[in-house]
Structure formats: structure tokens, C-alpha cells
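Thanks for coming. I will start inside one chain, move to the salt bridges, and finish with the interface.

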Amino acid sequence: MRDLLDEALAGVAARPTRLILTTLGTVLGIAALVGTVGLGQTAAGQITQRFDLAAATRIVVQPEDKGGQEGEAATQLPWDAPERIQRLNGVDAAGTVSNLDIGDDLVRNVAGVNGGEGKALQVMAASAGLFDAVRGVLGTGRFFDAGHDQRGDKVVVLGKHAAERLGINRVDAQPAVFIGDEPYTVIGILESVTGRAELNDAVIMPNGTAKTAYDLESPDAVEIRTQVGAAQLIAGQAPIAIQPNDPSTLKVDAPPKQGAVRKGVESDLNALFLLLGAVALLVGGLGIANVTLLSVLERISEIGLRRALGAARRHVAIQFLVESVIVGFLGGLLGTAVGVLLTVGVSWVRDWTPILDNRLAFGSPLLGAFIGLVAGTYPAWKASAIQPITALRGT
Amino acid sequence: MTAVALPAPVVEMIGVRRFFPGPPEVQAIRDVDLIIGQGEYLSIVGPSGSGKSTLLHLLGLLDNPTGGVYRLDGVDTMSLRERRRAVLRGERIGFVFQSFHLLDHRTVLENVALSMVYVGVPRRVRLARARVALERVGLAHRMEFAPTTLSGGERQRVAIARALVAEPSLLLADEPTGNLDSANAEAILAVFDELHHEGMTLAVITHDDHVSRRAQRQVRIVDGTLQW
Ligand SMILES: Nc1ncnc2c1ncn2[C@@H]1O[C@H](COP(=O)(O)OP(=O)(O)O)[C@@H](O)[C@H]1O
Ligand SMILES: [Mg+2]
């Protein structure tokens with residue numbers, strides 16, 4: 001067997017130019033396949049990486065149409081919605097968030113140059129739990145707690161950009177801002193939040209404070225952070241927990257199911273490339289079959305000689321079969337390399353992390369070998385059927 | 001046909017026929033009785049188309065007789081299946097062809113070693129024995145050459161080395177000097193003489209009386225039948 005492999009290798013190596021041409025179809029086919037699947041996986045990986053934790057665990061509940069209809073009592077979220085939600089199994093954090101209407105009031109840094117220039121900033125109200133629900137990260141200071149909320153303390157937390165615009169970057173000296181004419185103490189600056197990006201540009205005060213200062217009647221929305229995998233379940237339960245009497249008046253934004261994300265990635269374009277890859281593979285297989293057949297015809301006298309030297313029909317068949325398997329395998333190997341390079345290259349340009357399934361990387365050369373096997377079957381059989389006397393004629 | 005003193009002749013053909021089905025049917029070999037004893041140097045001479053190559057193919061188990069009996073080294077080859085015939089062929093027969101049949105992409109050494117691949121000789125042993133065989137035909141200095149760089153005479157000597165290296169019972173040569181000039185032909189015939197003296201059994205097929213006369217015994221073939 002080892003000898004037959006050596007003989008086949010020598011047979012393949014004898015015609016290097018032809019080898020390259022023969023493998024071309026397989027190379028293209030495997031490259032297209034590996035590239036398509038690799039890029040698909042990479043892109044899917046990006047989506048998962050970028051949104052998974054944030055998007056896949058984020059739920060937002062808000063009234064179907066808050067304050068829309070005149071007269072009709074518009075649905076209002078209860079203040080205790082976060083507490084109700086928190087009772088559900090699978091919820092990590094929940095908090096309310098609301099935009100406040102401050103009219104034409106501007107926000108000023110009390111200690112700012114020229115007494116601070118007024119900035120048009122969004123002012124928002126939140127419950128203490130919001131910080132956790134939006135995966136808040138503090139740049140400095142602290143977020144307000146339930147105590148601030150209950151007492152209606154005149155404190156605010158600044159979003160990162162809001163703080164920059166106001167020229168406030170530390171809170172240890174208890175800086176204050178004016179909203180309109182009212183002073184508020186800045187107790188913290190957010191570094192980042194996830195999901196609700198407008199918090200970055202906002203001045204945020206406790207609900208209790210907003211109720212007094214701006215007559216906030218009810219929260220705009222509840223931000224919920226669930227445990228991984230619990231989002232779908234919580235999305236179903238949340239409206240009932242918040243509004244047992246009339247859950248249908250609440251609108252729930254939940255992440256799409258895992259399958260839906262993946263489906264989106266396997267777009268038509270992908271299918272097209274896979275199809276092209278399959279066609280290229282078919283052509284590649286036919287190419288191998290064709291060239292192997294040609295090689296059989298060319299090497300009839302070699303076949304005759306081998307038979308004269310004691311080769312049985314099967315030895316001849318195996319040799320040509322192994323040769324075409326080697327050709328297919330080399331094509332697969334080369335194609336895989338090209339496909340991987342393609343994936344890595346595109347990822348590099350797009351600034352993605354290339355993701356490639358090991359099974360794909362190791363399986364593709366084997367797929368090439370398999371194509372070689374299938375393609376070589378007929379020529380090998382042909383070769384083995386050649387009568388030695390025919391093969392040696394003209395001696 | 002006289003009785004032979006040797007215990008088991010290498011070749012024993014009785015009433016062997018080879019017809020190629022037509023139409024028209026060609027009776028390439030008809031009623032051939034042939035015995036080749038161990039150590040004999042036989043030539044089979046005849047004009048072109050007389051059936052020499054067909055007979056050689058039958059002798060070499062490359063082809064099956066249409067009828068008759070053929071025993072090689074006492075083994076009845078008629079009842080053998082293809083695999084057994086291939087093994088027997090590889091082990092007992094060495095071929096030398098008019099057109100050498102060397103693989104151009106392999107070195108001289110590899111070409112010679114090739115004849116032991118299908119007989120199951122381990123690779124190391126193969127190469128060692130191939131070297132010895134090449135030294136024997138005076139080509140020690142050409143082992144790593146490609147066959148295409150050799151002269152016709154040298155190529156045929158490579159082919160002879162290849163035929164000998166598996167230590168066959170019978171060396172079959174089909175027009176071994178057909179592609180060679182007279183000097184090279186003479187060198188090949190000298191190798192045959194030497195092999196004969198060493199006890200090798202040879203059957204050389206030729207249309208050339210000059211070549212035929214070098215053999216110990218000559219048989220004429222005309223229209224597929226042997227004439228004594
Ligand atoms: N495979 C074959 N099919 C039909 N006829 C054949 C075949 N091989 C040989 N012959 C015929 O058999 C006869 C003997 O051929 P061959 O043995 O090659 O002669 P030689 O070698 O003496 O020149 C020729 O008439 C040839 O045409
Ligand atoms: Mg002939």
C-alpha cells in the first residue's frame with residue numbers, strides 16, 4: 001500500500017504543470033466555499049460579539065402610545081415597574097427612564113468661565129436601578145441611589161458628552177449645574193452606557209426630583225437587563241408583571257431569537273456564493289476526471305509495463321485513484337489556504353475578528369480528496385480494464 | 001519432440017491456440033507445443049505478423065490462450081485467476097521489450113527497482129538489489145540518470161537489469177535489438193550469452209536470423225505455428 005502511494009505520488013509529481021492546471025477548478029471551488037462560509041461565520045461572529053450581551057439581554061417596555069389619545073386615559077407605566085420586573089426570574093436589573101420637558105431652559109456650569117455658558121442639553125429622569133440596567137460605567141463619582149430618589153435630592157449625574165460640554169470632569173469638589181435657575185449638585189459622570197445612547201448626552205436626575213421639579217407623572221420606559229438566554233421569556237412576562245390588568249397596552253422591544261440573527265446572515269448573497277462554489281467544485285471534479293482520463297490514455301504503455309511487472313488490475317486502478325485523490329487533496333489544501341486568506345484579508349480590511357470553524361479548515365482538503373476520489377473512479381476503472389497486450393502493442 | 005531430462009521444464013505448452021475473435025477471426029497462434037527447459041536459451045524467429053509477439057504474451061501470462069495447456073514452472077496457468085496470474089508473472093517472468101518501456105520521469109535506479117514493487121520486496125532491499133543489477137549490466141555510473149539521457153543500448157541494458165532484478169525463472173525478450181544499431185545490439189546479445197552461462201532461462205523473439213543464431217536452440221514460427 002505504501003508502495004502504491006509512492007508510485008502515485010511519483011506519477012503526480014512527474015507532471016507539475018498539469019497538476020496545477022488540474023487542481024485549478026478544485027482550488028477555486030474550495031476557496032469559494034471556505035471563503036463564503038468563513039466570511040459568513042466571521043460576520044455572524046461580529047454581530048454576536050457586538051450585540052450579543054447588550055442586545056440579546058436588553059428589553060425595553062413602554063406604553064403602546066403614551067399620552068397619544070386625547071381624553072382616553074393613556075396607559076401609564078407605574079413607578080414601581082422596576083420592582084415588579086425585578087421579581088421575575090431571569091432579570092438582572094431594571095430601571096425607568098424618562099425625558100423631561102424643560103422648555104427653553106439651558107444647563108450651565110455654575111463654576112464655568114463667565115459663569116458658564118448655557119447649553120441645550122437633554123434632561124432625563126431615572127430610577128436608581130437604571131444605571132445597572134444599561135450597564136452603566138462610571139467615569140467618576142457615583143450614581144444616585146434610592147435614597148436620593150425618595151428624598152427628591154437635587155442631584156444629577158452627567159452623561160459623558162454632557163459633562164464634556166459643560167466642562168466638568170471631576171466631582172470631588174461637588175460642582176453644581178443650573179438647569180434653568182435651579183442648582184443641582186453633580187455627584188457622578190458616566191463613562192459609558194449600553195443600549196440607550198442618549199444618556200451619554202443627558203443630564204440625569206432621580207425620578208423623585210423630577211416629580212417635584214417637572215411634574216413627571218409616569219416613566220417613559222423601563223429598561224430591563226436579563227440574564228443571557230432569558231430575554232425571550234422575560235419579554236413575554238414583563239407586560240403582565242407591570243400591568244396585570246391590561247398587558248396588551250404595553251409595547252415590548254426584545255432581541256430577535258438567535259436563529260433570526262443567524263438567518264439574516266445567511267443571506268441570498270451567501271447562498272449564491274455557495275452555489276458558485278458548488279458549481280466550481282463540480283467543474284473541478286470534472287476537470288480532474290478529464291485530466292486523469294487523459295493521463296490514463298497517455299500512460300497506456302506504462303500501464304502495460306506495470307502489468308508485465310506483476311501489477312494486478314486493482315493495483316493499476318488503485319494507483320490512478322490515489323493519484324486523483326492526491327490531486328483533489330492538493331486542490332482542496334490550496335483552496336482552503338486561499339479561502340482562509342480571503343477570510344482573513346476581508347476581516348482585516350473590515351476590522352473584524354476572523355472566525356473560522358476548525359472543521360471547515362480541516363474538512364475542506366478532505367472534501368477535495370473526496371472529489372478526487374469520485375472523479376478518479378471512472379478513469380481508474382478504465383485504466384484497470386486495459387489489456388496488457390493492448391498496452392504493450394508496438395513493441 | 002523429444003523427452004526432456006530435466007525434472008520440471010520452465011515452460012510447457014501443449015496444443016496452445018490464440019484466436020482473436022473477428023470478424024474476421026485471426027488465428028494468431030495455432031496448436032503450439034513448446035517446452036523450454038531450465039537454463040535453455042531459445043530463440044523464436046519468424047517474419048512480421050507470424051505471431052511472435054502473441055506467443056510471447058502468452059508465455060509471459062499477459063494474455064490467455066484460447067485453448068490448450070500452459071504450465072509455467074509446473075504450475076497450470078490455465079485455471080488461475082487474474083490476481084494469481086499477476087503474482088506469477090511478477091515473480092517468474094522478466095520482460096525485455098523492443099522499445100524498452102522505461103518510465104521517463106523516474107531515475108534509472110527507480111526504473112529497475114520498480115519491478116520488485118508488485119512482488120512485495122521492501123523498498124530498501126529493492127534499491128540495494130537494483131544497484132547490484134545495474135552494476136551487473138555495466139551501468140553503475142548511470143543510476144541517478146533519467147532514462148531519456150541514455151543511449152538506446154544503455155536503455156535496453158536498464159530494461160534487462162529491471163527484468164533480472166526480481167530473479168525470474170524465464171527472461172522473455174521481444175525484438176530486444178530491434179531499435180538498436182549493430183554495436184549496441186551486439187552488446188545486448190553479449191549480455192544474453194553471459195546470462196545463459198549463468199544458468200538463466202531465456203526466450204528471445206526476433207525476426208532477425210543473426211540474433212536468432214546466437215541462441216542455443218532455434219524455433220521458427222510461421223503463420224502462428226512452430227516449425228522445427
Ligand atoms: N489484439 C489483436 N486482435 C486481432 N488481431 C491481432 C491482435 N494481436 C495480433 N493480431 C494479429 O495476429 C497476428 C500475429 O501478430 P503478432 O503476434 O503481433 O505478430 P509478430 O509479433 O510476429 O509481428 C497478426 O496478423 C496480427 O494482426
Ligand atoms: Mg511483434
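A:Glu7 and A:Arg306 are both buried, where buried means under 20% relative accessible area, exposed means over 50%, and partly exposed is in between, using a 1.4 Å probe and protein chains only. Before going on, the conventions: this is a predicted model, in which local features need pLDDT of at least 70 and side-chain atom pairs count only at pLDDT 80 or more, while totals for chains, interfaces and linings use all residues. Residues are numbered from 1 along each chain as its sequence is written, chains are lettered from A and ligands numbered from 1 in the order in which they are written, and side-chain values use heavy atoms, with hydrogens and water left out.

Back to that pair. The side chains of A:Glu7 and A:Arg306 form a salt bridge at 2.9 Å, N to O; the term means a side-chain nitrogen of Lys or Arg within 4 Å of a carboxyl oxygen of Asp or Glu. This one links distant parts of the chain, with A:Glu7 in helix α1 (residues 2–13) of chain A and A:Arg306 in helix α11 (residues 300–308) of chain A, 299 residues apart. Helices here are DSSP runs of H or I with at least four residues, strands are runs of E with at least two, and both are numbered from the N terminus.

Which residues are linked with A:Glu7 in a network of salt bridges? They are A:Arg299, A:Glu302, A:Arg306, A:Glu323, B:Arg106 and B:Glu110. In that network A:Glu7 also meets B:Arg106, with 3.1 Å from N to O.

Over all chains, the rule gives 30 salt bridges. Two others in chain A are worth a mention. A:Arg84 pairs with A:Asp80 at 3.0 Å, N to O. A:Arg84 counts as partly exposed because its relative accessibility is 24%, and A:Asp80 is partly exposed at 29%. A:Glu198 pairs with A:Arg196 at 3.2 Å, N to O. There A:Glu198 is partly exposed, at 35%, whereas A:Arg196 is buried, at 12%.

Next, aromatics. The structure has four aromatic pairs over all chains; ring centres of Phe, Tyr or Trp (its six-membered ring) must lie within 6.5 Å, and planes under 30 degrees apart are stacked, over 60 edge-to-face, the rest tilted. A:Phe131 and A:Phe143 are stacked, 4.9 Å centre to centre with 25 degrees between the planes. A:Phe131 sits in helix α4 (residues 130–133) of chain A and A:Phe143 in the loop between β5 (137–141) and α5 (146–151), so the pair ties together parts twelve residues apart in sequence. A:Phe143 is buried, at 10% relative accessibility. Together with A:Phe144, these two residues form one aromatic cluster.

Last, the interface. Chain B contributes 30 residues to the contact and chain A 26, contact being heavy atoms within 4.5 Å. The two chains bury about 2,500 Å² between them, 60% of it on carbon and sulfur atoms; buried area is the accessible area (1.4 Å probe) lost when two parts are put together, summed over both. B:Leu62, B:His101 and B:Tyr118 supply 28% of the area that chain B buries against chain A, more than any other three residues.

How many salt bridges are there between chain B and chain A? The count is three.
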